[in-house]
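Let's take a walk through this structure together, one kind of contact at a time. Keep the 3D view open as you read, so that you can look up each residue as it comes along.

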Amino acid sequence: MEAAAASSRIGLAGLAVMGQNLALNIAEKGFPISVYNRTASKVDETLDRAHREGHLPLTGHYTPRDFVLSLQKPRSVVILVKAGSPVDQTIAALSEHLEPGDTIIDGGNEWYENTERRMHDVSQKGILYLGMGVSGGEEGARHGPSLMPGGSYQAYLNIEDIVKKVAAQVEDGPCVTYIGEGGSGNFVKMVHNGIEYGDMQLISEAYDVLKNVGGLSNAELAEIFGEWNKGELESFLIEITSDIFKVKDEYGEGDLVDKILDKTGMKGTGKWTVQQAAELSVAAPTIAASLDCRYLSGLKEEREVASEVLKEAGLKEEVGPVMSEIDKKKLIVDVRQALYASKICSYAQGMNLLRAKSIEKGWDLNLGELARIWKGGCIIRAVFLDRIKKAYQRNPNLASLVVDPEFAREMVQRQAAWRRVVGLAISAGISTPGMCASLAYFDTYRRARLPANLVQAQRDLFGAHTYERIDRPGSFHTEWTKLARKSNTGVAALN
């Protein structure tokens with residue numbers, strides 16, 4: 001069906017599942033929407049769904065011109081196409097028909113500098129631009145995602161009433177806020193995904209330890225994760241983990257989770273997060289460990305060969321004694337505490353990366369508000385984000401979540417259990433790189449003095465890089481080798 005001229009409040013181009021679902025969500029909230037896709041069949045499919053899912057106010061268009069002309073001015077168009085050149089092609093097709101004052105909103109997982117380039121390019125035509133992170137997967141897009149729009153503030157104001165209704169709703173408001181200038185919305189979504197990598201890695205390690213050290217069955221694991229989801233770990237990822245353990249294999253005996261090939265895919269946002277952390281000299285070891293694990297998981301054939309070669313070389317699988325029910329219960333409690341403490345460190349790393357970038361770019365990111373909009377709709381949604389929000393409200397200049405008085409107390413209460421789990425895993429030959437990285441981060445950050453003095457001495461010896469002293473100001477250089485030889489000669493003379 002064709003719409004009457006200029007009757008839609010907003011448009012959406014790009015009708016893969018995420019695009020369709022977001023369009024239907026917008027329509028369902030009472031905002032008439034026009035949709036467009038290069039492949040006409042996707043437009044028909046969306047129209048059909050709009051009819052079936054409640055006669056929603058959605059109209060389909062088959063050319064960029066008809067699509068743009070169906071929108072009320074100032075026009076706002078969301079594009080949800082694959083990141084990279086498809087975005088540029090879509091912008092080119094649409095901007096032929098857009099006018100000064102109209103807005104383009106890119107809802108894809110885009111590299112933030114691409115957003116800043118496009119923002120600059122379209123501004124030549126007077127077009128406003130937002131790069132908007134969208135989290136929550138297909139389900140979130142349809143029923144309420146977490147939205148992270150950054151760029152033109154005027155563009156945000158043009159769609160504020162829409163995004164506030166479309167976003168997930170939590171007790172302290174909708175899960176959307178104006179993030180900041182430039183590509184800040186995309187950057188925040190990228191770090192969200194990096195934190196998500198860390199979360200998923202830590203959960204998989206908890207599973208590994210409980211299964212292979214504790215000997216727990218999938219049924220027991222489903223129950224444990226279900227139980228954990230009622231406490232401080234309550235979150236989307238813990239909830240879905242419990243569900244995963246309940247699904248039987250439809251092609252044979254047993255549970256589906258045990259039949260899945262252990263090679264992890266990835267789209268690139270985790271890698272970008274670690275690269276940015278390195279660029280900004282921010283330690284993000286938990287997120288980096290999760291990325292390394294995805295790389296290593298990809299070497300399935302090499303790992304199978306290594307397993308055989310090392311067995312032949314005499315490496316024995318460490319099989320601990322069968323655990324008593326009491327020991328199992330203790331292990332479950334310990335793993336829960338280790339997972340929570342590790343998670344705090346992972347989020348601390350993500351937040352510190354956001355702060356560092358915010359300072360570099362002058363974005364003025366509000367970390368407490370970011371934690372708030374992640375409380376609903378998105379993949380990392382979790383009850384403890386409310387506590388992170390409150391930590392930054394108490395102290396907007398908090399150096400790290402680890403030193404917030406509440407989180408510090410929780411870390412201290414849990415550290416003995418955390419060390420037991422990591423120690424047990426190491427002695428059993430089970431790798432827990434995420435938990436180990438978080439613990440090493442905690443132990444490094446809390447020490448007033450580190451062995452970096454020796455590294456500085458080495459750098460000064462071989463490269464004359466100089467060093468500072470703890471007892472007097474200034475830079476110093478020492479002829480280490482000469483003095484060491486001299487003291488050798490002295491020792492020889494004494495002997």
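**Rings, charges and a helix**

Across the whole structure, a search turns up 19 aromatic pairs. Please bear in mind that this is a predicted model. A good place to start is tryptophan 111 with tyrosine 112: their ring centres are 5.0 Å apart and the planes meet at 65°, so this pair is edge-to-face. Both tryptophan 111 and tyrosine 112 are buried.

Tyrosine 112 has another ring partner, tryptophan 363. Here the centres lie 5.9 Å apart with the planes at 90°, so this pair is edge-to-face. Where do these two residues, tyrosine 112 and tryptophan 363, lie? Tyrosine 112 belongs to helix α5 (residues 112-123), while tryptophan 363 sits in the loop between α14 (325-361) and α15 (367-373), so the pair ties together parts that are 251 residues apart in sequence. Tyrosine 112 has a relative accessibility of 3% and therefore counts as buried; tryptophan 363, with a relative accessible area of 5%, is buried. Step back a little and you can see a cluster, in which ring pairs link Trp111, Tyr112, Phe187, Trp272 and Trp363.

Rings can also meet charges. The charged end of arginine 294 sits over the ring of tyrosine 197, at 3.7 Å from the ring centre. Arginine 469 lies over the face of phenylalanine 476, 5.8 Å from the centre of that ring.

Now follow helix α8 (residues 184-212). With 29 residues at 1.5 Å a residue, helix α8 should span 42 Å, and its end C-alpha atoms are indeed 42 Å apart, which agrees. Is α8 mostly covered or mostly open? It is mostly covered, as 23 of the 29 residues in α8 are buried.

Next come the charged pairs. Side chains of opposite charge can pair when their charged atoms come close. The count for this model comes to 47 salt bridges. In one of them, aspartate 102 pairs with arginine 75, and the closest N and O atoms are 2.8 Å apart. Aspartate 102 is in the loop between α4 (85-95) and β5 (103-106), and arginine 75 is in the loop between α3 (64-69) and β4 (76-79), so this salt bridge ties together parts that are 27 residues apart in sequence. Aspartate 102 and arginine 75 are both buried.

Lysine 328 and glutamate 220 also meet through their side chains in a salt bridge, at 3.8 Å from N to O. Lysine 328 lies in helix α14 and glutamate 220 in helix α9 (residues 218-228), so the pair ties together parts that are 108 residues apart in sequence. Lysine 328 is buried, with a relative accessible area of 12%, whereas glutamate 220 is partly exposed at 30%.

Arginine 472 and aspartate 471 form a salt bridge too, at 3.7 Å from N to O. Arginine 472 counts as partly exposed at 47% relative accessibility, and aspartate 471 is partly exposed, with a relative accessible area of 47%. Elsewhere, salt bridges with shared partners join Glu171, Asp172, Glu369, Arg372, Lys375, Asp386, Lys389 and Lys390 into one network.

To finish, turn to the surface. Val305, Val309, Leu310 and Leu315 make a nonpolar surface patch of about 370 Å². Among them, leucine 310 is found in helix α13 (residues 300-312). Leucine 310 is partly exposed, with a relative accessible area of 44%.

Key. Residues numbered from 1 in each chain as written. Predicted model: local features only at pLDDT ≥ 70, side-chain atom pairs only at ≥ 80, totals over all residues. Heavy atoms only, no water. Phe/Tyr/Trp six-rings, centres within 6.5 Å; stacked < 30°, edge-to-face > 60°. Buried < 20%, exposed > 50% of the residue type's maximum accessible area, 1.4 Å probe, protein only. Helix = DSSP H or I, 4+ residues; strand = E, 2+ residues; numbered from the N terminus. Lys NZ or Arg CZ within 6 Å of the ring centre and 35° of its normal. Patch = residues over 30% accessible without salt bridge, like charges linked within 9 Å, V, L, I, M, F, W, Y side chains within 5 Å. Areas by Shrake-Rupley, 256 points an atom, 1.4 Å probe, with all protein chains shown as cover. Salt bridge = Lys/Arg side-chain N within 4 Å of Asp/Glu carboxyl O. Expected span 1.5 Å × (residues − 1).
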